[in-house]
Amino acid sequence: GNDVLRHFVLYLDYKQQRVMLEKGKDFGRDFPRDRSGLSLMLSDEGHLVVYYISGDSPAFSAGIQKGDIIASIDGKKISEIGSLLGVRALFKEKAGTIYTVEIRRGNEVKKLVLTLKDLI
């Protein structure tokens, strides 16, 4: 969605019921992309929760599941990384980057290895 649209200027013509796209100033620019396959959100309690995992993604291969709470990455608490934005930035690093992700799943705590890769 937003990764594609950031290359364009979007016009909504309500009268004619049309959506128009025009090349934007960043049309040819490459933007960093997520290489984990995870979609994350902050819970009301401030926990970083997995709410979607792309199939055949690094996160799926690592064993991360929907509803898991990410507690730390490479031994650093999420608050030290910069919360949601900091974690998203980590997951945009180059393909082959390896992280040890500590998750909480119910009463269990697991350490999983996540290796980033280029996704379509």
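Reader: What does Ser54 count as at 25% relative accessibility?
Author: This is a predicted model, where local features need pLDDT of at least 70, side-chain atom pairs need 80 or more, and totals for chains, interfaces and linings use all residues. Residues are numbered from 1 along each chain as its sequence is written, and side-chain values use heavy atoms, without hydrogens or water. Buried means under 20% relative accessible area, exposed over 50%, and partly exposed in between, with a 1.4 Å probe and protein chains only. At 25%, Ser54 therefore counts as partly exposed.

Reader: Where is Ser54 found?
Author: Helices (H or I, at least four residues) and strands (E, at least two) are DSSP runs, numbered from the N terminus. Ser54 sits in the loop between S4 and H2.

Reader: Which residues is Ser54 in contact with, leaving aside neighbours within four places in sequence?
Author: Contact means heavy atoms within 4.5 Å. One partner of Ser54 is 17 residues away in sequence, yet 5.0 Å away in space, C-alpha to C-alpha. With sequence neighbours within four places set aside, Ser54 is in contact with Gly37 and Phe60.

Reader: How far apart in space are Ser79 and Leu48?
Author: Ser79 has its place in helix H3. At 63% relative accessibility, Ser79 counts as exposed. Ser79 and Leu48 are 31 residues apart in sequence, and their C-alpha to C-alpha separation is 9.9 Å.

Reader: What is phi of Gln17?
Author: Gln17 lies in the loop between strand S1 (8-13) and strand S2 (18-23). Its relative accessible area is 74%, so Gln17 is exposed. Gln17 is a residue other than glycine, but its phi is positive, near 55°.

Reader: What is the phi value of Ser83?
Author: Ser83 belongs to helix H4. At 26% relative accessibility, Ser83 counts as partly exposed. Ser83 is not a glycine, yet its phi is positive, at about 60°.

Reader: Within what arc do the buried residues of H4 fall?
Author: In helix H4 (residues 83-90), the buried residues are Leu84, Gly86 and Val87. Seen down the axis, the buried residues of H4 line one face of the helix, because they share an arc of 165°. The arc is that of the directions from the helix axis to the C-beta atoms. The buried residues of H4 fall within 165°.

Reader: Which elements do the buried residues of H4 pack against?
Author: Three strands and a helix take part. The strands include S3 (38-42) and S4 (48-53). In full, the buried residues of H4 pack against S3, S4, S5 and H3.

Reader: Which residues in the largest nonpolar core touch the most other members?
Author: A nonpolar core is a set of buried Ala, Val, Leu, Ile, Met, Phe, Trp, Tyr and Cys residues joined through side-chain atoms within 4.5 Å. The largest one has 21 residues. Those touching the most other members are Leu38, Leu40, Ile64, Ile70, Ile73, Val87 and Phe91.

Reader: Which elements each supply at least two residues of this core?
Author: Both helices and strands contribute. The helices are H2 (58-62), H3 and H4. The strands are S3, S4, S5, S7 (98-105) and S8 (108-115).

Reader: Which residues does Ile70 touch, not counting those up to four places away in sequence?
Author: Ile70 is among the core residues that touch the most other members. Residues up to four places away in sequence are not counted here. Ile70 then touches Leu38, Leu40, Leu48, Val50, Ile78, Val101, Glu102 and Ile103.
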